[in-house]
Amino acid sequence: MNNPLVGKIYKVIDVPESINCLKCNPCTRLKLMEIGFICGEIIKIKKHQLGIWLVDVLNENGSECQTIALRDDEIERIIMEEYTFN
């Protein structure tokens with residue numbers, strides 16, 4: 001099954017705090033921000049299979065600089081909008 005997000009480029013808008021945030025150590029928001037999902041970052045969804053997303057973090061030229069694997073619940077926390085390089 002093809003996912004409509006796969007192959008598209010996005011700009012990270014926010015990684016919001018969960019509604020019932022407990023300020024706990026294993027914070028998904030903090031983890032995502034620590035591995036590079038911060039406001040303004042450009043990413044490309046590479047693949048989705050068995051609940052795992054492969055996401056490329058892109059540099060200013062559009063080349064991938066790292067690939068990160070995320071679970072479904074982690075990628076759902078990222079607010080993003082479609083992006084095109086000028």
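## Working through a predicted model

Let's start with one pair of residues: Ile9 has Lys44 in β2 as its bridge partner. Keep in mind that this is a predicted model. Grab the structure and try the exercises below.

### Exercise 1: Sketch the chain

Work out how many helices and strands the chain has, and in which pattern they follow each other.

**Solution.**

- Step 1. Count the elements: the chain holds 2 helices and 5 strands.
- Step 2. Put them in sequence order, and you get β-α-β-β-β-α-β.
- Step 3. Check how the chain packs. Its radius of gyration is 13 Å, close to the 12 Å from the globule rule for 86 residues, so the chain is as compact as a globular protein of that length.
- Step 4. Picture a box around the C-alpha atoms: along the principal axes, they fill roughly 40 × 30 × 20 Å.
- Step 5. Look at who touches whom. Take the contacts with a separation of 6 or more: 56% of them are between residues 24 or more positions apart.

### Exercise 2: Find the partners of β1

Which strands pair with β1, and in what sense?

**Solution.**

- Step 1. Begin with β2, residues 42–49. β1 pairs with this strand in the antiparallel sense, over 3 bridges. The Ile9–Lys44 pair from the opening belongs here.
- Step 2. Now turn to β5. This strand also runs antiparallel to β1, and 4 bridges join the two. Within β5, Glu81 is the bridge partner of Lys11.
- Step 3. Put the two together: β1 pairs with β2 and with β5.

### Exercise 3: Follow the charges

Lys8 forms a salt bridge with which residue, and where does each of the two sit?

**Solution.**

- Step 1. Find the partner: Lys8 forms a salt bridge with Glu82, with the closest N and O atoms 3.8 Å apart. The cut-off is 4 Å, so this pair counts.
- Step 2. Place both ends. Lys8 is in the segment before β1, while Glu82 is in strand β5, so to speak on a distant part of the chain, 74 residues apart.
- Step 3. Check the surroundings. Lys8 is partly exposed at 31% relative accessibility, and Glu82 is exposed at 55%.

Now a second one: which residues have a salt bridge with Glu74?

- Step 1. One is Lys31, at 2.5 Å from N to O. Glu74 lies in helix α2 and Lys31 in helix α1, so this pair ties together parts that are 43 residues apart in sequence.
- Step 2. Another is Arg71, where the closest N and O atoms are 3.4 Å apart.
- Step 3. Compare burial. Glu74 has a relative accessible area of 2%, so it counts as buried. Lys31, at 34%, is partly exposed, and so is Arg71, at 41%.
- Step 4. Widen the view: Lys31, Arg71, Asp73 and Glu74 are linked in a network of salt bridges. The count for the model comes to 6 salt bridges.

### Exercise 4: Look inside

How many residues does the largest nonpolar core have, and which strand gives the most to it?

**Solution.**

- Step 1. The largest nonpolar core has 14 residues.
- Step 2. Those with the most contacts inside this core are Phe37, Ile43, Val55, Leu70, Ile75 and Ile78.
- Step 3. Trace the strands: β1, β2, β3 and β4 each supply at least two residues of the core. β3 gives the most, with 3 residues.
- Step 4. Zoom in on Val55. Leaving out neighbours within four places in sequence, its contacts include Phe37, Ile43, Leu70 and Ile75.
- Step 5. Step back to the chain: buried residues make up 23% of its 86 residues.

### Exercise 5: Two residues at the surface

Are Cys65 and Leu50 buried or exposed?

**Solution.**

- Step 1. Cys65 is in strand β4. Its relative accessible area is 51%, and the cut-off for exposed is over 50%, so Cys65 is exposed.
- Step 2. See what Cys65 touches: Val57, Leu58 and Asn59, not counting residues up to four places away in sequence.
- Step 3. Leu50 lies in the loop between β2 and β3. At 83% relative accessible area, Leu50 is exposed.
- Step 4. Check the backbone of Leu50. Its phi is positive, about 50 degrees, although Leu50 is not a glycine. Most residues other than glycine have a negative phi.

Definitions and conventions:
Residues numbered from 1 in each chain as written. Predicted model: local features only at pLDDT ≥ 70, side-chain atom pairs only at ≥ 80, totals over all residues. Heavy atoms only, no water. Salt bridge = Lys/Arg side-chain N within 4 Å of Asp/Glu carboxyl O. Buried < 20%, exposed > 50% of the residue type's maximum accessible area, 1.4 Å probe, protein only. Pairing = 2+ DSSP bridges. Core = buried A, V, L, I, M, F, W, Y, C linked by side-chain atoms within 4.5 Å. Contact = heavy atoms within 4.5 Å. Rg over C-alpha atoms; globule rule 2.2 N^0.38 Å.
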